[in-house]
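Ready for some hands-on practice in reading a protein model? Open the view below, take the exercises one at a time, and try each before you read its solution.

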Amino acid sequence: MQRKKMVAGNWKMNKNLYEGKQLVSEILERGLFEEDPTVEVVIAPPFTSLELTAEQIKDHKGFYLAAQNCHHEASGAFTGEVSAAMLKGCGVDYVIIGHSERRQYFRETDEMLASKVNAALNCHMKVIFCCGEPLDMREAGNQNDFVGTQIERGVFHLSEKEFADVVIAYEPIWAIGTGLTASDEQAQEMHAFIRSKIAEKYGQDVAEATTILYGGSCKPSNAKSLFACPDVDGGLIGGASLDAKDFAEIVKARM
Ligand code: PGA
């Protein structure tokens with residue numbers, strides 16, 4: 001089975017409505033898929049740009065919309081929060097859950113993240129579930145245990161059917177926004193480990209069908225060799241997704 005290839009652009013807290021509109025137009029103008037799409041291109045703007053981005057990409061095959069977060073409760077007195085159903089209503093296809101910035105700055109725990117995963121799936125969206133170790137864990141050689149536990153706690157409560165709607169994004173914290181990238185070997189090793197972990201839980205077929213993205217200072221200059229690793233199915237791109245030319249080059253590197 002051929003698993004899905006994907007390049008997702010996580011804008012984080014960047015681009016106002018007008019700037020976001022410009023960026024999406026510039027990406028679409030690059031005509032990435034003149035024939036059939038070979039990669040899912042996912043755009044994850046801030047909440048404020050979701051509706052407009054949905055409108056812009058709706059007639060473009062191969063393009064999908066993601067939100068960067070959702071609240072785990074269905075509704076209620078949670079000032080400032082956005083529910084999964086609200087995102088679905090804006091045309092969102094994927095929700096990024098468990099990004100290290102959410103875990104660190106907003107103290108999102110494994111338990112909360114598992115509830116967010118449920119909330120997104122219950123509203124018929126797919127999940128891009130992020131994991132990744134801090135530098136001290138890697139230096140101590142504990143990266144596999146650390147990442148394995150994040151995945152167990154975040155998504156292994158799902159049934160096999162539910163898990164089919166999960167994409168995993170491995171993002172070593174020491175590589176996010178730092179200019180340091182995991183070497184191709186480090187990325188491949190971790191992706192293979194994650195796939196073996198999925199195989200233990202759900203079986204080999206499910207593991208082979210799961211898309212696993214790499215994230216952390218991925219850019220046009222290193223995308224091609226990272227994506228050539230057999231277990232790296234694409235990328236979750238932060239900084240470089242804010243530039244249409246760079247982002248399009250990364251997508252082309254995955255085609
Ligand atoms: P970066 O961010 O590409 O800027 O390192 C990746 C991410 O945090 O998703």
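The model shown here is predicted, so please keep that in mind as you work.

**Exercise 1. Find where Tyr202 sits, and decide whether Tyr202 is buried or exposed.**

Step 1. Look for Tyr202 in helix H9.

Step 2. Check the accessibility. The relative accessible area of Tyr202 is 11%, and the limit for buried is under 20%, so Tyr202 counts as buried.

Step 3. Look at the surroundings. Leaving out residues up to four places away in sequence, Tyr202 touches Val155, Phe156, Leu158, Ser159, Glu160 and Phe163.

Step 4. Pick Glu160 from that list. Tyr202 and Glu160 are 42 residues apart along the chain, yet their C-alpha atoms are separated by 6.4 Å.

**Exercise 2. Work out which residues Lys197 touches, and whether Lys197 is buried or exposed.**

Step 1. Stay in helix H9, which covers residues 184–202, and find Lys197 there.

Step 2. Compare its relative accessible area, 12%, with the cut-off of 20%. Lys197 is therefore buried.

Step 3. List the contacts. Not counting residues up to four places away in sequence, Lys197 touches Gly148, Glu152 and Phe156.

**Exercise 3. Describe how helices H7 and H9 pack: at what angle, and through which residues?**

Step 1. Find H7 at residues 143–155. H7 and H9 pack at an angle of about 45°, and their axes are 10 Å apart.

Step 2. Put a word to that angle. It is not under 35 degrees, nor does it fall in the range from 65 to 115, so H7 is oblique to H9.

Step 3. Note the handedness: H7 and H9 cross in a right-handed way.

Step 4. Name the partners. From H7 come Gln143, Asn144, Val147, Gly148, Ile151, Glu152 and Val155, and from H9 come Met190, Phe193, Ile194, Lys197 and Tyr202. Lys197 and Tyr202 from the earlier exercises both belong to this contact.

Step 5. Sort these residues by class: seven are nonpolar, three polar and two charged.

**Exercise 4. Find which residues have the most contacts inside the largest nonpolar core.**

Step 1. Start from a general idea: in soluble globular proteins, nonpolar side chains tend to be buried together.

Step 2. Turn to this model. Its largest nonpolar core has 70 residues, and Val155, Ile168, Ile194 and Ile198 have the most contacts inside it.

Step 3. Separate this core from another one, of 13 residues, which lies apart and has among its members Ala66, Ile96, Val167 and Ala169.

Step 4. Follow Ile168 outwards. Apart from its neighbours within four places in sequence, Ile168 is in contact with several residues, including Phe129, Ile151, Val155, Ile194, Ile198 and Leu213.

**Exercise 5. Describe the packing of H11 with H12, and then that of H1 with H2.**

Step 1. Locate H11 at residues 220–227 and H12 at residues 244–254. They pack at an angle of about 20°, with axes 9 Å apart, which means that H11 is roughly parallel to H12. Their crossing is right-handed.

Step 2. Read off the residues in contact: Pro220, Ala223, Lys224 and Phe227 of H11, together with Asp246, Glu249, Ile250, Ala253 and Arg254 of H12. Five of these are nonpolar, none is polar and four are charged.

Step 3. Move to H1 and H2, the latter at residues 50–57. Their angle is about 20° and their axes are 10 Å apart, so H1 is roughly parallel to H2. H1 and H2 also have a right-handed crossing.

Step 4. See who meets whom: Leu17, Gly20, Lys21, Val24, Ser25 and Leu28 in H1 meet Leu52, Thr53, Gln56 and Ile57 in H2. This contact has five nonpolar residues, four polar and one charged.

**Exercise 6. What is the sign of phi at Lys15 and at Arg107?**

Step 1. Recall the usual case: most residues other than glycine have a negative phi.

Step 2. Examine Lys15, in the loop between strand E1 and helix H1. Its phi is positive, near 80°, and at 28% relative accessibility Lys15 is partly exposed.

Step 3. Examine Arg107, in the loop between helices H4 and H5. Its phi is positive as well, about 50°. Arg107 has a relative accessible area of 67%, so it counts as exposed.

How values were computed: Residues are numbered from 1 along each chain as its sequence is written. Side-chain values use heavy atoms; hydrogens and water are left out. Helices (H or I, at least four residues) and strands (E, at least two) are DSSP runs, numbered from the N terminus. Buried means under 20% relative accessible area, exposed over 50%, partly exposed in between (1.4 Å probe, protein chains only). Contact means heavy atoms within 4.5 Å. A nonpolar core is a set of buried Ala, Val, Leu, Ile, Met, Phe, Trp, Tyr and Cys residues joined through side-chain atoms within 4.5 Å. Axes are lines fitted to C-alpha atoms, for helices over the stretch in contact, and angles run from 0 to 180 degrees between N-to-C directions. Angles under 35 degrees count as roughly parallel, over 145 as roughly antiparallel, 65 to 115 as roughly perpendicular and the rest as oblique. A crossing is left-handed if the near helix is turned anticlockwise from the far one by less than a right angle, and right-handed if clockwise. Ala, Val, Leu, Ile, Met, Phe, Trp, Tyr, Cys and Pro count as nonpolar, Asp, Glu, Lys and Arg as charged, and the others, Gly among them, as polar.
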